[in-house]
Amino acid sequence: MESLGVLLMLPLNPYLESELDRRCKLFRLWQIPKASRKDFLYANSPSIRALVGNSAVGADADIIDALPQLEIVVLYSVGFDKVDLAKCRSRGIRVTNTPDVLTDDVADLAIALSIATMRKICSADRYLRSAAWKTKGQYVFTSKFSGKTVGIIGLGRIGSAIAKRAEAFGCFICYHSRTEKANTTYKYYPDIISLAKECDVLVVACPLIAETQHIVDRKVIDALGSNGVLINIGRGSHVDEAELISALVEGRLGGAGLDVFEYEPHVPGILFSLDNVVLTPHVGSATVETRRAMADLVLRNLEAHVMNNPLLTPVL
Amino acid sequence: MADGSAKQGRNPRTVLLLRPTFEALEDVLAKRFHLLRAWESPLPLAEFLAAHATAIRALFIRGNGSVFVDAEILSSLPNLEIIVTNCVGLDLIDMAECAKRGVAVANAGNVLTEDVAEYAVGLLMDVLRRISSADRCIRAGLWPITGLFRLGSKIGGKRVGIVGLGHIGSEVAKRLDAFGCIISYYSRKQKPSFSYTFYPNARTLAAQNDVLIVCCALNSDTYHIIDKDVMDGLGKQGIIINVGRGALVDEKELVRRLMQGEIGGAGLDVFDNEPAVPRELFTMDKVVLSPHCAVYTQESFADLFQLIVDNLEAFFSNRPLVSKVTEV
C-alpha cells in the first residue's frame, strides 16, 4: 500500500493515523491552513486515490471534484450522511463504513443514557459533590426504568441491540420503522405519534435520511409527554432541537438523554441548568475497544481495495 | 377506652415511631393506625418507652442510620411483637435479640430490588463510558474547546464479579448478561440454579474479574469484605460498584488507591459515615457518586408504603406478615 495516497480529513485515532502513515502515503488535510487547501489538493491530487473521513467530515461534491484520482472513500463511522453518494456513484468511487463493530457501544449508550436520565445519576452526583447531601438531605425521588415501555425508532442493528438490552430490564418493547419487521415479537406502530403516546422512553435509532429529518417534532414530543423521556443516539437533525428545548424548559417533556445535537459541538446553554437531561458529546462509539476495531476495519477495507479483493463493508 | 393521659395508647392499633419518617408514609400510617411519635415527647426516650410500653406491640423503623434497635430498646418494650422497616437491609436491628424475644421483623421484601439493581448497572455504565464526566464537561462549556474526550471502555466482554448473589445481585447479573458481560459471583452459599461461575471468597472472585459489584447484606461476616487483599486481586484497572452499605468496603483504602492510581474507578451509592463523603472524591473524574438513593423511585416507594401498610394490617388482624424476614 506504500504508493497509495490517502487523504485523512481530520484527526480520528492515533493508532489509525500512525498505521496509515507507516503503510501508505498519508496527507493530513487539517494541518493545511484553510486558505492553502485548494492549492494543496491540486498539487497532490495525482497521488490521492483514497479518502478517510467520518460522520462529521465526509466527502462532499467539492472535495470529490478536487480529487480526480479518487477511487475509494473509507469511513471511520457507520453514518455516511456526509458523503455525496450520488457523486460517488457517478464517478465509480467505492464507499465503505464501519457497521456492526460499533453496534454494541451505541446500544449500550442508549440504555446508559436512559437509566442516567430517569434515575438522575449525573444530577445526583452533582448534588453530592456540591455537599448538598449534608445541608439539604435526601435527593429527590426519581423514575424507575425497569419494567417501562421502550419505543424504538428504527429497528435495525442498533435498534435491535437496544431492544435486547431493555428486555433484560423487564421493559416492554415497541417500535416504529418504515416497514414492519418479520421475526420479531415487538409491537409495531406504523404511526410514530401512536408510538410516542404509548411509550415511556422513546429512542431514536434510525439512519439520517431526508425522510427522517426532524422525525421527532413537536407533535411527537407532545405525545411523549411530561412523563416521557427522549433518548437520541442517532443524529442531532433527527430531532427538532428548538421544540425539544422549549418542551423541556416548559415541563411538557419529562426528560432527555442526548448524545447528538443539531449543531455539534454547540449545545444550547439553556440545557445546562436542567436536572432532567443528560448530555454527552457524541460518544456513541467512543470506547478504546471499538475505536480500535473501527480503525482495523478501515485498514482492512483499504487493503482489500488495493488487492482488488471484495470490500469488507461496502456502502457503495 | 383511651383516657387521654400519658398512659393513653391503649388503642390496639398503636404503632411506635422513634424518629420522623417520610411525610407521605406518616400521613398514610396516621390515617389507619394510632401513631406514637417518640420525638414529640418532652420525655427522654427511655422514660417515654417506659410510659407507653404496655401498649406497644408494633414498631416502625426508618433506615436512615439514626437509631439502632438494640437490646436496651427491645427490653423496654416487653410487649413488642413486630418491627416493620422500609429497608431491605437489617443492619439497624439487633436481629439476634429479636429472635431471642420472639419479635418478628418485616422488611421491604423485593419491592426495591429492581431499583437497586438498575442503579448498580447505571453506575457501572457511567464509570465505564464516562457519562457524568462528559456531562460535566459539556455543562462547563468545554466541548467546543477541548474537542475529543477521553475514550471510555466497552461494557461487553467485561468480567463482572457479583459479591452476594441474592435478589439484587441476581437482577444485576441478569441485566449485565444482556450486555455481554461475563458474570461470576461469591455468595455465602453456591446457587446451582444459576450458571454463573462461583468463587469461594471475595479475594478469588476479585482476581478473576475486571469489576466487582457489591450487593450483599452488611453483617459481622461481611464488614470490610472488600479489603486491601480484594483490591489487590482486582488490580489497577479494576472497578468497584457499591450499592450495599458503606462498611462493606474499606473506604480509607479505596480512597487511597483511587488517589494514587492503584484502582481504575468506582461507582458508590453508599459510604461509611453518611452523609459525610471523603472530600478527595469530589474532584475525581473516575468515580461516580450518589447520596444513597438507589432505592428512591416514585414507583417503588408507592409499592413500599403499601407493603408497610399491608404488613401492619396483617399483624393487627392476626394474619401472616407479607414480607417477614425468615433468613438472616
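## Exercises on a two-chain model

Ser123(A) sits in helix α6 of chain A, residues 121–129. Helices (H or I, at least four residues) and strands (E, at least two) are DSSP runs, numbered from the N terminus. Residues are numbered from 1 along each chain as its sequence is written, and chains are lettered from A and ligands numbered from 1 in the order in which they are written. The model is predicted, so local features need pLDDT of at least 70 and side-chain atom pairs count only at pLDDT 80 or more, while totals for chains, interfaces and linings use all residues; side-chain values use heavy atoms, with hydrogens and water left out.

### Exercise 1: three residues of chain A

**Task.** Work out whether Ser123(A) is buried or exposed, then list its contacts beyond the neighbours within four places in sequence.

**Solution.**
- Step 1: Ser123(A) has a relative accessible area of 5%, so this residue is buried. Buried means under 20% relative accessible area, exposed over 50%, partly exposed in between (1.4 Å probe, protein chains only).
- Step 2: With neighbours within four places in sequence left aside, Ser123(A) is in contact with Tyr139(A) and Asp275(A). Contact means heavy atoms within 4.5 Å.

**Task.** Do the same for Asp105(A).

**Solution.**
- Step 1: Find Asp105(A) in helix α5 of chain A, residues 103–118.
- Step 2: Its relative accessibility is 0%, so Asp105(A) counts as buried.
- Step 3: Beyond four places in sequence, Asp105(A) contacts residues of chain A, including Gly284(A) and Thr290(A), and also Arg129(B) and Lys154(B).

**Task.** Now place Arg252(A) and describe its surroundings.

**Solution.**
- Step 1: Arg252(A) is in the loop between α11 (241–249) and β11 (255–258) of chain A.
- Step 2: A relative accessible area of 18% makes Arg252(A) buried.
- Step 3: Not counting residues up to four places away in sequence, Arg252(A) touches several residues, among them Arg218(A), Asp222(A) and Glu243(A).
- Step 4: Ala223(A) is 29 residues from Arg252(A) along the chain, and their C-alpha atoms are 9.5 Å apart.

### Exercise 2: strands

**Task.** Describe the two faces of strand β1 of chain A and its pairing with β2(A) and β3(A).

**Solution.**
- Step 1: In β1 (residues 5–8), Gly5(A) and Leu7(A) on one side and Val6(A) and Leu8(A) on the other are all buried, so both faces are covered.
- Step 2: Four bridges link β1(A) in parallel to β3 (residues 48–53) of chain A, and four link it in parallel to β2 (residues 25–28) of chain A. Two strands pair if DSSP finds at least two bridges between them.
- Step 3: Leu8(A) faces Val52(A) in β3(A) and Arg28(A) in β2(A).

**Task.** Trace the sheet of chain B that contains β6, and find its edges.

**Solution.**
- Step 1: The order of this open sheet of seven strands is β8-β7-β6-β9-β10-β11-β12, with parallel pairing.
- Step 2: β8 (197–198) and β12 (287–289) of chain B each have a single partner strand, so they stand at the edges with one side lacking a neighbour in the sheet.
- Step 3: Inside the sheet, β6 (residues 159–163) and β9 (residues 211–214) of chain B are joined by four bridges, and Val160(B) stands opposite Val211(B).

### Exercise 3: between the chains

**Task.** Give the extent of the contact between chain A and chain B.

**Solution.**
- Step 1: Chain B contributes 59 residues and chain A 57 residues.
- Step 2: About 5000 Å² is buried between chain B and chain A, and carbon and sulfur atoms give 63% of this area. Buried area is the accessible area (1.4 Å probe) that two parts lose on being put together, summed over both.
- Step 3: Of the area that chain B buries against chain A, Arg129(B), Arg139(B) and Trp143(B) supply 17%, more than any other three residues.

**Task.** Classify the ring pair Phe141(A) and Phe301(B).

**Solution.**
- Step 1: Rings of Phe, Tyr and Trp (its six-membered ring) pair if their centres lie within 6.5 Å; planes under 30 degrees apart count as stacked, over 60 as edge-to-face and the rest as tilted. By this rule there are 19 aromatic pairs over all chains.
- Step 2: The ring centres of Phe141(A) and Phe301(B) are 4.9 Å apart and the planes stand at 65°, so this pair is edge-to-face.
- Step 3: Phe141(A) is in the loop between α7 (132–136) and β6 (149–153) of chain A, and Phe301(B) is in helix α12 (residues 298–316) of chain B, so the pair joins two chains.
- Step 4: Phe141(A), at 29% relative accessibility, is partly exposed, whereas Phe301(B), at 3%, is buried.
- Step 5: Both belong to one aromatic cluster with Phe22(B), Tyr296(B) and Phe305(B).
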